Amino acid sequence: MAADTLQHWEKKAKEHRKRYQQFLKRAQKNQVLKLLPALHEEAFKAVDCLSCANCCKGYSPRFKTPDVKRIARSLGLKESVFIDNYLKVDEEGDFVVKQSPCPFLNEDNTCSIYEVRPSDCARFPYTDEDVLIKRPALTLKNSEFCPITYYVLEQLIAAVPK
(Lines give C-alpha, C1' and ligand atoms only; values in the text may rest on other atoms or scores of the structure.)
Protein backbone atom coordinates (compact mmCIF):
# COMPACT_ATOMS: atom_id res chain seq x y z
CA MET A 1 0.00 0.00 0.00
CA ALA A 2 2.80 2.45 0.84
CA ALA A 3 4.41 2.17 -2.58
CA ASP A 4 1.08 2.79 -4.32
CA THR A 5 0.31 5.73 -2.05
CA LEU A 6 3.68 7.35 -2.71
CA GLN A 7 3.82 6.82 -6.46
CA HIS A 8 3.76 10.25 -8.16
CA TRP A 9 3.03 11.84 -4.79
CA GLU A 10 4.11 15.38 -5.79
CA LYS A 11 1.60 15.52 -8.64
CA LYS A 12 -1.15 13.93 -6.55
CA ALA A 13 -0.55 16.30 -3.64
CA LYS A 14 -1.22 19.30 -5.88
CA GLU A 15 -4.29 17.60 -7.38
CA HIS A 16 -5.64 16.73 -3.90
CA ARG A 17 -5.02 20.13 -2.31
CA LYS A 18 -8.70 21.12 -2.27
CA ARG A 19 -9.67 17.73 -0.82
CA TYR A 20 -7.04 18.14 1.93
CA GLN A 21 -8.26 21.64 2.64
CA GLN A 22 -11.85 20.47 3.03
CA PHE A 23 -10.79 17.53 5.18
CA LEU A 24 -8.71 19.69 7.52
CA LYS A 25 -11.59 22.16 7.84
CA ARG A 26 -14.19 19.55 8.85
CA ALA A 27 -12.04 16.91 10.57
CA GLN A 28 -12.90 15.92 14.13
CA LYS A 29 -9.76 16.95 15.99
CA ASN A 30 -9.90 14.19 18.63
CA GLN A 31 -10.56 11.50 16.05
CA VAL A 32 -7.60 12.66 13.94
CA LEU A 33 -5.28 13.01 16.94
CA LYS A 34 -5.95 9.38 17.91
CA LEU A 35 -4.89 8.21 14.45
CA LEU A 36 -1.81 10.41 14.03
CA PRO A 37 0.80 8.54 16.11
CA ALA A 38 0.36 5.26 14.20
CA LEU A 39 0.12 6.99 10.80
CA HIS A 40 3.18 9.11 11.59
CA GLU A 41 5.18 6.00 12.45
CA GLU A 42 3.89 4.17 9.36
CA ALA A 43 4.81 7.11 7.14
CA PHE A 44 8.35 7.25 8.49
CA LYS A 45 8.71 3.54 7.71
CA ALA A 46 7.41 4.07 4.17
CA VAL A 47 9.50 7.16 3.38
CA ASP A 48 13.26 7.47 3.64
CA CYS A 49 13.87 11.11 4.58
CA LEU A 50 17.49 10.86 3.51
CA SER A 51 16.42 10.10 -0.05
CA CYS A 52 14.35 13.30 -0.13
CA ALA A 53 15.53 16.12 2.17
CA ASN A 54 13.19 18.58 0.40
CA CYS A 55 12.65 20.31 3.73
CA CYS A 56 16.38 21.03 4.06
CA LYS A 57 16.87 21.89 0.41
CA GLY A 58 14.16 24.48 -0.06
CA TYR A 59 12.85 25.69 3.27
CA SER A 60 14.19 26.90 6.58
CA PRO A 61 13.05 26.16 10.09
CA ARG A 62 12.66 28.95 12.58
CA PHE A 63 15.65 29.20 14.88
CA LYS A 64 14.28 30.13 18.30
CA THR A 65 16.56 31.61 20.98
CA PRO A 66 17.18 28.22 22.68
CA ASP A 67 18.07 26.75 19.26
CA VAL A 68 20.54 29.54 18.54
CA LYS A 69 22.18 29.16 21.97
CA ARG A 70 22.42 25.36 21.70
CA ILE A 71 23.73 25.25 18.13
CA ALA A 72 26.21 28.11 18.58
CA ARG A 73 27.59 26.42 21.71
CA SER A 74 27.94 23.08 19.89
CA LEU A 75 29.78 24.78 17.01
CA GLY A 76 32.03 26.66 19.42
CA LEU A 77 30.75 30.01 18.19
CA LYS A 78 29.45 33.08 19.95
CA GLU A 79 25.72 33.43 19.34
CA SER A 80 26.27 36.70 17.46
CA VAL A 81 28.82 35.04 15.18
CA PHE A 82 26.51 32.09 14.54
CA ILE A 83 23.68 34.49 13.65
CA ASP A 84 25.91 36.64 11.41
CA ASN A 85 27.31 33.61 9.58
CA TYR A 86 24.18 31.53 9.10
CA LEU A 87 20.94 33.36 9.84
CA LYS A 88 18.75 36.23 8.69
CA VAL A 89 15.46 37.61 9.95
CA ASP A 90 12.46 36.76 7.75
CA GLU A 91 9.33 38.82 7.08
CA GLU A 92 7.69 37.35 10.20
CA GLY A 93 10.59 38.38 12.42
CA ASP A 94 11.99 34.87 12.85
CA PHE A 95 15.58 33.75 12.40
CA VAL A 96 15.92 31.47 9.37
CA VAL A 97 18.92 30.25 7.39
CA LYS A 98 20.42 32.74 4.93
CA GLN A 99 20.69 30.21 2.12
CA SER A 100 19.09 27.18 0.56
CA PRO A 101 19.86 24.41 0.82
CA CYS A 102 20.48 24.56 4.55
CA PRO A 103 24.19 25.10 5.25
CA PHE A 104 24.10 22.15 7.66
CA LEU A 105 22.85 19.71 5.01
CA ASN A 106 25.59 17.27 4.02
CA GLU A 107 25.94 15.84 0.49
CA ASP A 108 24.38 12.56 1.62
CA ASN A 109 21.32 14.46 2.95
CA THR A 110 22.33 13.97 6.57
CA CYS A 111 22.46 16.91 8.96
CA SER A 112 25.78 18.06 10.37
CA ILE A 113 24.04 19.43 13.49
CA TYR A 114 21.41 16.70 13.82
CA GLU A 115 21.92 16.16 17.56
CA VAL A 116 21.37 19.88 18.28
CA ARG A 117 19.12 20.79 15.32
CA PRO A 118 16.37 23.42 15.73
CA SER A 119 13.18 22.23 17.39
CA ASP A 120 11.30 22.97 14.15
CA CYS A 121 13.52 20.39 12.41
CA ALA A 122 13.06 17.84 15.17
CA ARG A 123 9.28 18.23 15.03
CA PHE A 124 8.92 18.44 11.26
CA PRO A 125 6.64 17.52 9.49
CA TYR A 126 4.30 17.82 12.50
CA THR A 127 2.38 14.70 11.47
CA ASP A 128 2.18 13.40 15.02
CA GLU A 129 0.84 16.55 16.65
CA ASP A 130 -2.16 18.88 16.54
CA VAL A 131 -0.28 21.35 14.32
CA LEU A 132 -1.52 19.19 11.43
CA ILE A 133 -5.07 20.44 12.07
CA LYS A 134 -4.44 23.71 13.89
CA ARG A 135 -2.34 25.14 11.05
CA PRO A 136 -4.01 23.90 7.86
CA ALA A 137 -2.15 26.35 5.60
CA LEU A 138 1.17 24.95 6.83
CA THR A 139 -0.06 21.36 6.44
CA LEU A 140 -1.18 22.06 2.87
CA LYS A 141 2.18 23.63 2.02
CA ASN A 142 4.03 20.72 3.62
CA SER A 143 1.96 18.16 1.72
CA GLU A 144 3.36 19.46 -1.56
CA PHE A 145 7.05 19.10 -0.67
CA CYS A 146 7.08 16.44 2.05
CA PRO A 147 6.06 12.89 1.12
CA ILE A 148 5.42 12.07 4.78
CA THR A 149 2.81 14.82 5.13
CA TYR A 150 1.24 13.69 1.86
CA TYR A 151 1.20 10.07 3.06
CA VAL A 152 -0.38 10.90 6.43
CA LEU A 153 -3.10 13.05 4.83
CA GLU A 154 -3.94 10.34 2.30
CA GLN A 155 -4.16 7.72 5.05
CA LEU A 156 -6.21 10.00 7.32
CA ILE A 157 -8.75 10.71 4.62
CA ALA A 158 -9.07 7.00 3.90
CA ALA A 159 -9.41 6.13 7.62
CA VAL A 160 -11.85 8.79 8.78
CA PRO A 161 -15.50 8.11 7.96
CA LYS A 162 -17.15 10.80 5.91
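Ala158 counts as exposed, because its relative accessibility is 67% and the cut-off for exposed is over 50%. Remember that this is a predicted model, so every value here is computed from it. Where does Ala158 lie? In helix H11. Now look across to Lys69. Ala158 and Lys69 are 89 residues apart along the chain. Their C-alpha atoms are separated by 42 Å.

Let's step back to the whole chain. How many helices and strands does the chain have? There are 11 helices and two strands. Read them from the N terminus. You pass seven α elements, then β-β, then α-α-α-α.

Next, overall size. The C-alpha atoms fill a box of roughly 55 × 30 × 25 Å along the principal axes. The chain has 162 residues, and a compact globule with that number would have a radius of gyration near 15 Å. The chain has 17 Å, which agrees.

What share of the residues is buried? Buried residues make up 40% of the 162. Now the contacts. Take those in the chain with a separation of 6 or more. Of these, 68% are between residues 24 or more positions apart.

On to the surface. The chain exposes about 9500 Å². Carbon and sulfur atoms supply 51% of that area. Then the charges. The chain carries 26 positive and 22 negative charges. The mean positions of the two sets are 6 Å apart.

Let's zoom in on one helix. Helix H3 runs over residues 17–26. Which of its residues are buried? Tyr20, Phe23 and Leu24. Why are they on the same side of H3? Because they cover an arc of only 95° around the axis. Turn to the other side of H3. There, Lys18 and Lys25 are exposed.

What covers the buried residues of H3? The cover includes helix H2 (9–15) and helix H4 (29–46). It also includes helix H9 (131–134), helix H10 (136–143) and helix H11 (147–159). H11 is the helix we started with, the one that holds Ala158.

Now a loop residue, Glu129. Find it between helix H8 (119–123) and H9. Is Glu129 buried or exposed? Buried, because its relative accessible area is 17%, and buried means under 20%. Which residues does Glu129 touch? Leave out residues up to four places away in sequence, and they are Leu33, Leu36 and Arg123. Compare that with Lys14. Glu129 and Lys14 are 115 residues apart along the chain. Their C-alpha atoms are separated by 23 Å.

Next, Leu75. It lies in helix H6, residues 65–75. Leu75 is partly exposed, with a relative accessible area of 34%. Its contacts, leaving aside neighbours within four places in sequence, are Phe82, Tyr86, Phe104 and Ile113. What about Ala122? Leu75 and Ala122 are 47 residues apart in sequence. In space they are 18 Å apart, C-alpha to C-alpha.

Now the backbone. Most residues other than glycine have a negative phi, and most peptide bonds are trans. Here are some exceptions.

Start with the peptide bonds. A cis bond joins Ser100 and Pro101, with omega about -5°. Pro101 lies in the loop between strand S2 (95–97) and H8. Another cis bond runs from Phe124 to Pro125. There, omega is near 10°. Pro125 lies in the loop between H8 and H9. Glu129 is found in that loop as well.

Then phi. Which value does His8 have? Near 60°, a positive value in a residue other than glycine. His8 lies in the loop between helix H1 (2–6) and H2. Ala53 also has a positive phi, about 60°, although it is not a glycine. Ala53 lies in the loop between H4 and helix H5 (54–58).

How do these two sit relative to the surface? His8 is exposed, with a relative accessible area of 56%. Ala53 is buried, with a relative accessible area of 5%.

To close, three places to find on the structure. Find Tyr20, Phe23 and Leu24, the buried residues of H3. Find Glu129, buried in its loop. And find Ala158, exposed in helix H11.

Conventions: Residues are numbered from 1 along each chain as its sequence is written. This is a predicted model: local features need pLDDT of at least 70, side-chain atom pairs count only at pLDDT 80 or more; totals for chains, interfaces and linings use all residues. Side-chain values use heavy atoms; hydrogens and water are left out. Helices (H or I, at least four residues) and strands (E, at least two) are DSSP runs, numbered from the N terminus. The radius of gyration is taken over C-alpha atoms; the globule rule is 2.2 Å times the number of residues to the power 0.38. Buried means under 20% relative accessible area, exposed over 50%, partly exposed in between (1.4 Å probe, protein chains only). Contact means heavy atoms within 4.5 Å. Accessible areas come from the Shrake-Rupley method with a 1.4 Å probe; for residues, only the protein chains shown count as cover. Lys and Arg count as positive and Asp and Glu as negative; His and the chain ends are not counted. The place of a charge is taken as NZ of Lys, CZ of Arg, CG of Asp or CD of Glu. The arc is that of the directions from the helix axis to the C-beta atoms.
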